[in-house]
Amino acid sequence: MVGTVWLVALFGIFSAAYSANYKCQGVARYGLTFYGMWSNMTHPNAFPFPSGHFSPLVGASHESAYSLWMSGMKASQGVKNVAEMGDSTVLEQEIMQRITSTKTAWKQIKSGNMAINGTESVMNIEVEVTKDFPYVSLVTMLVPSPDWFTGIMKVSLCDASSGTWMDSWTIDDLQPWDAGTDNGTTFMAANNPTMPPGYISIITTTAPPTDFMNLSSSAIPTLGKMMLVRQNKPTMNQCSGMYYYTVKFEAKWSQATHPKGFPSSAHFSPLVIATHSYKYKMWSDMTRASPGVEEVAEIGAEGTLYNEVDKMKKSGFVSNVYKTGTISTPGGYTSTKIMVQNMYSMVSLITMIAPSPDWFVGVDSYDLCGTNGWKEKVTMDLLPWDAGTENGQTYKLNNMATDPVDVIMRITPNSNSDIGAHANVTFATVTFTREEMTTTQATTTASAPGLSAGLFAILSVSLLAIMGVLY
């Protein structure tokens, strides 16, 4: 009985790990190709020969709270104009408002200004998604038509089961949709506004009454397909074994280096350092700060971030997390040892520029594994970043929160903050120095990270037993 309970419990652990959902990290860039597959040959009696074509593709990458269009919702004025006239001017304005004001969309996507023939292909359409804006929606008019269109809605490029961006993704069944704004039933019907406007709905061979009813098939063949291929897939170096590195952080920020507004209580908060795989990012440019990063950047408290990193350690994305004490400036320094191994070759760290609204310095996912093996020594100059969570231009705490929250960005000389003109002057340096691996350290690499050899053996045997029961 005890053995059965143990196996059930262990199976639950592996099932939970397998079914966990994760956010993809950082920024991913894709090239989108649109393949038109709409003609009198593919859609006999459901193609406005010889003039059938698509309007330019228009859309955005966005978060889950935003819907460019969706079945059962009413079309916005922008979507209505695309669906009825192929004019994307208003829709582009709507998307820009979402990007700049409500911050629910990230980047606009557009294929250009030229119409797309029914069987034409358009390549290299730029698409950018981030961990906060992983969804893509697009729309294009079926021209001519009353208010019919095709496109994609809320396609996520993040594989939530693994926490990694998809290498490629194909949508191969683009169906026709009715925007619910025009009563026309044929491709060449004159505009006759639906009053009051209806809801967006899919067009089938039976409803609503359209030229697609004339197809001999029971289902409407695809009007086209879209393929997204990732352009910035990271290169993964392969290093084996385990090494220790000494991390030395040296404060450079001073009245002399950054004279404007230099505070009398200037210092850096305790460092939080993580060694991890490429699947994890503590922070990164153009993404929203986690609650832990926000807390470090605003008040220098590391507890929440430490817990966030530790949680990712349990998920297998992080190997170890380290903390140090505060660092005085100028001239202060701290030194600590970290361990990297195999897939956990990357290091990230962060510390607050204190006092400040939400400014920090740090390292984002630096890989200590190079093309020729583990790197021996690396020194970096650290420049200031803004976490995008609090307003304020001077070195002081307790400022108004940024609403809506912005993304992490480098502070540049164009900033009107106290850092301003000296934003490109080094605030601190960090040096990673590799130590020679001892015999004891080499032996340790034989065990799974975070598990004792005995426990690892028990889990392995138990997993084999489970597999035997399953198969």
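# Questions on a predicted model

Me: Are Phe 187 and Phe 212 buried or exposed?
Reply: The structure is a predicted model. A residue counts as buried when its relative accessible area is under 20%. Phe 187 meets that rule, and so does Phe 212. Both are buried.

Me: How many aromatic pairs are there in the count?
Reply: Rings pair if their centres lie within 6.5 Å. Counting by this rule gives 21 aromatic pairs.

Me: What kind of aromatic pair do Trp 38 and Phe 187 form?
Reply: Two values describe such a pair: the distance of the centres and the angle of the planes. For Trp 38 and Phe 187 the centres are 5.9 Å apart and the planes meet at 45°. An angle under 30 degrees would be stacked, and one over 60 edge-to-face. The pair of Trp 38 and Phe 187 is tilted.

Me: How many residues apart in sequence are the parts that Trp 38 and Phe 187 tie together?
Reply: Trp 38 lies in the loop between β1 and β2. Phe 187 lies in the loop between β12 (177-178) and β13 (201-202). The pair therefore ties together parts whose separation in sequence is 149 residues.

Me: What kind of pair do the rings of Phe 187 and Phe 212 make?
Reply: Their centres are 5.6 Å apart. Their planes stand at 70°, so the pair is edge-to-face.

Me: How many residues apart are Phe 187 and Phe 212?
Reply: Phe 187 sits in the loop between β12 and β13, and Phe 212 in the loop between β13 and β14. The pair links distant parts of the chain. The separation is 25 residues.

Me: Which other residues join Trp 38, Phe 187 and Phe 212 in one aromatic cluster?
Reply: The cluster takes in Trp 38, Phe 187 and Phe 212. It also holds Phe 34, Phe 47, Phe 54 and Trp 148.

Me: Which residues does Ser 39 touch, leaving out those up to four places away in sequence?
Reply: Ser 39 is found in the loop between β1 and β2. At 15% relative accessible area, Ser 39 is buried. Its side chain reaches the backbone nitrogen of Met 41 at 3.2 Å. Beyond four places in sequence, Ser 39 touches Pro 44, Phe 47 and Thr 119.

Me: Which residue has its backbone oxygen 2.5 Å from a polar side-chain atom of Thr 140?
Reply: Thr 140 lies in strand β7 (residues 135-143). With 1% relative accessibility, Thr 140 counts as buried. Its contacts beyond four places in sequence include Phe 54, Ser 55 and Phe 149. The backbone oxygen at 2.5 Å belongs to Ser 55.

Me: How far apart in space are the C-alpha atoms of Thr 140 and Ala 83?
Reply: In sequence, Thr 140 and Ala 83 are 57 residues apart. In space, C-alpha to C-alpha, the distance is 7.1 Å.

Me: Within what arc do the buried residues of α3 fall?
Reply: Helix α3 (residues 89-102) has 14 residues and reaches 19 Å, close to the 20 Å expected. Its buried residues are Leu 91, Glu 92, Ile 95 and Ile 99. Seen down the axis of α3, they line one face of the helix, because they fall within an arc of 105°.

Me: Which elements do the buried residues of α3 pack against?
Reply: An α-helix has 3.6 residues a turn, so residues three or four places apart point the same way. The buried residues of α3 pack against β3 (58-62), α2 (77-85), β4 (105-110) and β7.

Me: How many residues apart in sequence are the parts tied together by Cys 24 and Cys 158?
Reply: A disulfide joins Cys 24 to Cys 158, S to S 2.1 Å. Cys 24 lies in the loop between α1 (2-19) and β1 (27-36), and Cys 158 in strand β9. So the parts they tie together are separated by 134 residues.

Me: What is the handedness of the disulfide of Cys 239 and Cys 369?
Reply: The sulfur atoms of Cys 239 and Cys 369 are 2.0 Å apart. Cys 239 is buried, as is Cys 369. The torsion about their S-S bond is about 85°, so the disulfide is right-handed.

Me: What share of the 471 residues is buried?
Reply: The protein has 7 helices and 28 strands. Of its 471 residues, the buried share is 49%.

Note on methods
Residues numbered from 1 in each chain as written. Predicted model: local features only at pLDDT ≥ 70, side-chain atom pairs only at ≥ 80, totals over all residues. Heavy atoms only, no water. Helix = DSSP H or I, 4+ residues; strand = E, 2+ residues; numbered from the N terminus. Buried < 20%, exposed > 50% of the residue type's maximum accessible area, 1.4 Å probe, protein only. Contact = heavy atoms within 4.5 Å. Polar contact = N/O pair within 3.5 Å; in protein donor to acceptor, adjacent residues only side chain to side chain. Expected span 1.5 Å × (residues − 1). Arc of directions from axis to C-beta. Disulfide = S-S within 2.5 Å. Phe/Tyr/Trp six-rings, centres within 6.5 Å; stacked < 30°, edge-to-face > 60°.
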